[in-house]
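User: I would like a close look at one part of a protein model, explained in plain terms. Please connect the answer to what lies around that part.

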Amino acid sequence: MGNCFSDVPGGRAAIGGTARGLLNAIDAPNDAVDNFLRSRGYHGLFSQIELSFSASGLRDRDFLSKSDPMMVLYTRGKHGALEEIGRTEVVLNSLDPKWITKHLIMYHFEVVQFLVFRVYDIDTQFHNLDVKMLKLEEQQFLGEATCALSEIIIKSDRSLALELRREDPIRSMHSQNCGKLLVHAEECVGSKTTVEMIFRCSDLENRDLFSKSDPFLIISKLVEGGTHIPICKTEVIKNDLSPQWKPVFLNIQQVGGKDNPLILECYNFNTNGKHDLIGKVQKSLAELEKLHASGQGETLFLPTGGGHNSHNKVLKSRVYLDKFSESVQYSFLDYLSAGFELNFMVAIDFTASNGNPRLPDSLHYIDPSGRPNAYQKAIVEVGEVLQFYDSDKRFPTWGFGARPIDGPVSHCFNLNGSSHYCEVEGIQGIMMAYTSALLNVSLAGPTLFGPVISNAALIASQSVATGARKYFVLLIITDGVVTDLQETKDALVKASDLPLSILIVGVGGADFKEMEILDADKGERLESSFGRVASRDIVQFVPFRDVQSGEISVVQALLAELPTQFLSYMRNRNIQPTL
């Protein structure tokens with residue numbers, strides 16, 4: 001989300017938390033404002049990618065000349081349906097075409113985006129038609145290839161060579177090779193161009209009875225229909241009617257362009273989340289740049305009335321820009337193409353509160369029909385996204401809260417049953433180890449997170465010591481309230497200095513309020529029993545029941561913050577994505 005900075009201690013810092021901002025030096029907590037942002041539709045990292053295409057060794061379908069190829073790009077939906085994205089031009093008389101037409105696609109980290117490429121030989125009689133008018137069933141099919149968008153962008157040169165085949169390789173083991181398709185991805189420069197601004201206000205109206213207002217800014221972009229989507233916010237400044245906020249950062253692409261209108265709203269912070277609007281103004285980035293150059297302030301206004309009788313009340317309050325500068329920063333995709341990896345880890349709750357796995361009402365029940373339980377669903381959905389960013393696909397996998405055969409209760413045991421190593425092969429390996437463990441352990445308790453977090457942190461710290469380009473992602477799936485809350489906080493504070501993020505999925509009907517404390521999205525950053533504050537927020541918690549029937553999936557909700565947590569770690573340590 002908006003690249004906003006805040007490093008203010010105390011509850012009011014929660015407003016401007018988030019270095020979820022891609023450029024912030026420090027992650028800070030959020031409060032109701034973050035829920036407000038999400039309720040307006042902002043989720044996750046997005047980046048605009050330009051795809052270009054060439055092919056080689058195509059089959060010749062013409063008698064007196066070579067084929068005249070055109071490529072059609074599709075996305076494949078979750079249930080296999082294809083949606084056409086666009087078509088290239090027709091290249092005449094070529095078996096090795098380099099198409100000029102490029103296609104833009106929005107990259108979403110938290111979603112697996114499958115692409116399908118189909119190449120056709122366009123018959124001579126149709127050469128004068130616009131490619132959009134061509135009926136594909138009337139053309140000769142030359143071959144098809146498919147891949148995930150993430151498979152392209154993790155390559156060092158962001159180019160992926162794919163074999164074109166005449167039949168779907170999933171349905172036929174004897175499909176014919178029909179040449180190669182080379183797909184190249186380029187991140188649009190707008191995805192990395194960022195504006196840094198320092199705002200201040202003067203003569204704000206006082207909205208508090210016994211003290212001065214506690215102001216903060218929210219910056220929103222206008223979209224079709226007049227709706228505005230919050231994209232950035234500042235920290236709260238306590239008891240000040242002429243505040244100057246710390247720098248905020250806006251991504252040009254996120255805004256939609258320098259000429260797109262933005263709404264700047266100044267609010268008075270209230271602890272109940274119902275913040276008072278003090279004043280607002282509408283300006284584009286280009287206009288804000290001119291405002292900074294002029295050194296003049298812009299008058300704030302308040303909307304009054306409603307409907308046709310609405311008008312604006314002009315205030316004495318003014319907003320100023322003390323800084324406006326543009327820069328290009330390394331992006332999340334820059335790190336991926338430079339060889340940085342996301343390494344997936346899993347920890348599964350085997351406490352007795354899950355219920356007897358042999359009974360259908362258990363959260364661990366393995367349905368003979370193949371319908372996945374909540375644990376299996378979370379593993380597959382998160383794993384299917386992250387596996388593309390892990391080259392060896394060997395995943396450390398643990399269980400906790402159970403008694404292995406002939407042993408005491410363990411709060412961190414290797415799910416594969418080994419006493420020497422914790423890794424399994426691929427997502428299927430996790431699923432097999434999970435099913436096997438259900439037959440070989442006795443569910444017990446209590447629910448302790450500390451040991452598995454410490455184990456994950458140890459692996460991350462060893463990776464740092466060897467200079468590996470790895471960032472670790474631990475998925476904890478649990479049904480209950482954590483018993484060792486302070487020990488877990490201590491482990492998380494310690495782990496906040498490491499290349500590690502922790503995703504927690506709560507399954508079942510338990511009260512997960514303590515998990516939200518660990519998430520730190522609605523309060524202050526975590527503090528250890530020794531008084532040390534976490535250097536950044538590394539936890540994302542999602543109750544499975546809250547997203548099970550919603551439009552956003554478990555994996556989208558969980559992974560929305562991961563790229564910015566990754567970037568905050570890299571940028572805090574000035575780690576460059578050099579090849």
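Which cysteine sulfur is closest to the sulfur of Cys-412, and why is there no bond between the two?

Analyst: The model is predicted, and what follows is computed from it. The closest cysteine sulfur to that of Cys-412 belongs to Cys-422. The two sulfur atoms are 8.1 Å apart, which is too far for a bond. A disulfide needs the two sulfur atoms within 2.5 Å, so this pair does not qualify. The structure as a whole holds zero disulfides. Cys-266 is in no disulfide either, and the nearest cysteine sulfur to its own, that of Cys-201, is 4.8 Å away. Cys-266 is buried, at 1% relative accessibility.

With no disulfides, one can turn to the links between charged side chains. The count of salt bridges is 18. One of them joins Arg-118 and Glu-144, with an N to O distance of 2.6 Å. Arg-118 is in strand E6 (residues 114-121) and Glu-144 is in strand E7 (residues 140-148), so this salt bridge ties together parts that are 26 residues apart in sequence. Arg-118 is partly exposed, with 22% relative accessibility, whereas Glu-144 is buried, with 12%.

Another salt bridge is formed by Arg-200 and Asp-322, whose closest N and O atoms are 2.9 Å apart. This pair links distant parts of the chain: Arg-200 belongs to strand E10 (residues 193-202), Asp-322 belongs to strand E17 (residues 311-328), and the two residues are 122 apart. Both ends are partly exposed, Arg-200 at 29% relative accessible area and Asp-322 at 33%.

The strands that carry this pair also meet through their bridges. E10 and E17 pair in the antiparallel sense over 10 bridges. Among the partners, Phe-199 is matched with Leu-321 in E17. E10 also pairs with strand E13 (residues 248-251), again in the antiparallel sense, over four bridges. There, Glu-196 has Phe-249 of E13 as its bridge partner. E10 is mostly covered, with nine of its 10 residues buried.

A third salt bridge stays within one helix. Lys-377 and Glu-381 are both in helix H6 (residues 374-386), four residues apart, or about one turn of the helix. Their closest N and O atoms are 3.1 Å apart. An α-helix has 3.6 residues a turn, so residues three or four places apart point the same way. Lys-377 is partly exposed, at 32% relative accessible area, while Glu-381 is buried, at 13%. Salt bridges can also share partners: Arg-158, Glu-187 and Asp-334 are joined into one network in this manner.

Next come the nonpolar parts. The largest nonpolar core has 81 residues, and Leu-51, Tyr-107, Phe-117 and Phe-350 touch the most other members. Another core lies apart from it and has 34 residues, including Ile-252, Leu-291, Leu-300 and Val-319. In soluble globular proteins, nonpolar side chains tend to be buried together.

Last is helix H13 (residues 562-572), where 10 of the 11 residues are buried, so the helix is largely enclosed by the rest of the structure. The buried residues of H13 include Leu-562, Phe-566, Leu-567 and Met-570, as well as Gln-565 and Arg-571. Just after H13, Asn-574 takes a positive phi of about 55 degrees.

To return to the request: Cys-412 has its closest cysteine sulfur in Cys-422, too far for a bond, and the structure holds zero disulfides.

Technical notes. Residues are numbered from 1 along each chain as its sequence is written. This is a predicted model: local features need pLDDT of at least 70, side-chain atom pairs count only at pLDDT 80 or more; totals for chains, interfaces and linings use all residues. Side-chain values use heavy atoms; hydrogens and water are left out. A salt bridge is a side-chain nitrogen of Lys or Arg within 4 Å of a carboxyl oxygen of Asp or Glu. Buried means under 20% relative accessible area, exposed over 50%, partly exposed in between (1.4 Å probe, protein chains only). A nonpolar core is a set of buried Ala, Val, Leu, Ile, Met, Phe, Trp, Tyr and Cys residues joined through side-chain atoms within 4.5 Å. Two strands pair if DSSP finds at least two bridges between them.
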